[in-house]
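Me: Please take a close look at one part of this model. I would like to know where that part sits and what packs around it.

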2 protein chains.
Amino acid sequence: MPKLWNETIDAHRRAVHDATLDAAAALVAKHGLLSVTMAKIAEETGIGRATLYKYFPDVKAILVAWHERQVTGHLEHLIAIRDMAGDAGERIEAVLEAYAFISHEHHGTELAARLHRGEHVARAQHHLHQLIRDLLAEGAATGDLRNDVAPDELATYCLHALTAASSLPSKAAVRRLVTVTLAGLRPRG
Amino acid sequence: MPKLWNETIDAHRRAVHDATLDAAAALVAKHGLLSVTMAKIAEETGIGRATLYKYFPDVKAILVAWHERQVTGHLEHLIAIRDMAGDAGERIEAVLEAYAFISHEHHGTELAARLHRGEHVARAQHHLHQLIRDLLAEGAATGDLRNDVAPDELATYCLHALTAASSLPSKAAVRRLVTVTLAGLRPRG
């Protein structure tokens, strides 16, 4: 680790913050949502309880912060994929497949269901909608994708169709879902 | 009304039952979910409160029964459309459009959100999934629809894609959603 950076107070705070989120998520995964307490998180991280309370008021705040970090990570991943080389058709395919895999892998947990009501999720969904809409508009302009339906409506279609990924049994099934969803986006002819 | 029939006890019970559901739904629509009481339903129907309690233990039971009736009606409507003349491609289009309009018209109410967690909804969804799956299998066999993805997976795709109808602003937008969703079902070529 770069020493100069890690020696700053900011970096220390960041390290405590991140370690706390990691510990809380690991405890939920191992023992379930209801069994996680501030005491257990303190024990797991080796941070004193008094210090922990300086960072977070309760377990819920830690889990919301953890989920915000997850959602931000997923969004950055999708933005990186969007920015890869390729025509609009290839890039929309790559973004939709990546999103479908995220839905598939993070589906159905009790934690996800509770945290998904948060405002940070609505913001991320809005951002994702715009990202996909802009790619669809680009594809419509180049002729790779249909241009008879507004990109906004097509983005709504994509995001709803791909939520099916969370109930599919395999990665192969998720890939087929992406293929079928993309077929809906092709130019008419 | 046919007299002989209406004179039977069964028919009387059915009439009281239906009038109760209608009154409860009308009161919710007019005054909101929380303002509805057994007393108001009794007043609205002209049924005595004591009689009303012989039929239903509480407001929730009435609303669940009302919603079951709604869901059953929607399912019967979709079955009737499936049984109309036409090839599989035309029939799946008609069924999906009808389902999308149902989602569009009944979306987003507080009541719907609460009642949709009920088991009768899960049963109806299962029934609908089978109905659509069977039509898709028929279409795959006749060559109207794609046959490279299992009908079960295609049905999951359809039902998820069409949930977008509940957030669309107009019937025209719903029709475009159905067009795009159907495009995903066409044979590859």
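**Helix 9 and its surroundings**

Reply: Start with the layout of the chain. The domain assignment splits chain A into domain 1 (1–57) and domain 2 (64–189). This is a predicted model. The C-alpha centres of the two domains of chain A lie 31 Å apart. Where they touch, domain 1 of chain A gives eight residues and domain 2 of chain A gives six residues.

One stretch of chain A carries an annotation. UniProt, in an unreviewed entry, lists residues 37–56 of chain A as "DNA-binding region". That stretch is 75% helix and 0% strand. Its end C-alpha atoms are 12 Å apart.

Now the part in question, helix 9. In chain A it covers residues 151–162. At 1.5 Å a residue, its twelve residues should span 16 Å, and the end C-alpha atoms are indeed 16 Å apart, so the two values agree.

Is this helix covered or open? Helix 9 of chain A is mostly covered, with nine of its twelve residues buried. Among them are A:Glu153, A:Leu154, A:Thr156, A:Tyr157 and A:Cys158. A:Ala155 and A:Leu159 are buried too.

What does the covering? Within chain A, the cover includes helix 6 (88–105), helix 8 (119–142) and helix 10 (171–183). Chain B contributes as well, through its helix 9 and helix 10 (171–183).

Two of the buried residues lead into the core. A:Ala155 and A:Leu159 are both in contact with A:Ile132. A:Ile132 also contacts A:Ile92, A:Val95 and A:Leu96. A:Ile132 and B:Ile132 have the most contacts inside the largest nonpolar core, which has 74 residues. Apart from that core lies another, of 21 residues, including B:Ala23, B:Ala42, B:Leu52 and B:Ile62. In general, nonpolar side chains in soluble globular proteins tend to be buried together.

Next, helix 9 seen from the other chain. B:Thr156 lies in helix 9 (residues 151–162) of chain B. Its relative accessibility is 13%, under the 20% cut-off, so B:Thr156 counts as buried. Leaving out residues up to four places away in sequence, B:Thr156 touches A:Ala164, A:Ser167 and A:Leu168 in chain A, plus B:His129 in chain B.

Finally, the relation between the chains. Chain B can be laid on chain A by a turn of 180 degrees and a shift of 0.0 Å along the axis, with an RMSD of 0.0 Å. The two copies are therefore related as by a two-fold rotation axis. Of the interface residues of chain B, 100% are also interface residues in chain A, so the copies meet through the same surface.

Technical notes:
Residues are numbered from 1 along each chain as its sequence is written. Chains are lettered from A and ligands numbered from 1 in the order in which they are written. This is a predicted model: local features need pLDDT of at least 70, side-chain atom pairs count only at pLDDT 80 or more; totals for chains, interfaces and linings use all residues. Side-chain values use heavy atoms; hydrogens and water are left out. UniProt positions are given in the numbering used here, feature names are shortened, and annotations may be inferred rather than shown by experiment. Helices (H or I, at least four residues) and strands (E, at least two) are DSSP runs, numbered from the N terminus. Buried means under 20% relative accessible area, exposed over 50%, partly exposed in between (1.4 Å probe, protein chains only). Contact means heavy atoms within 4.5 Å. Copies are superposed by least squares on the C-alpha atoms of residues with pLDDT of at least 70 in both. The expected span of a helix is 1.5 Å times one less than its number of residues. A nonpolar core is a set of buried Ala, Val, Leu, Ile, Met, Phe, Trp, Tyr and Cys residues joined through side-chain atoms within 4.5 Å. Domain bounds come from an automatic or database domain assignment.
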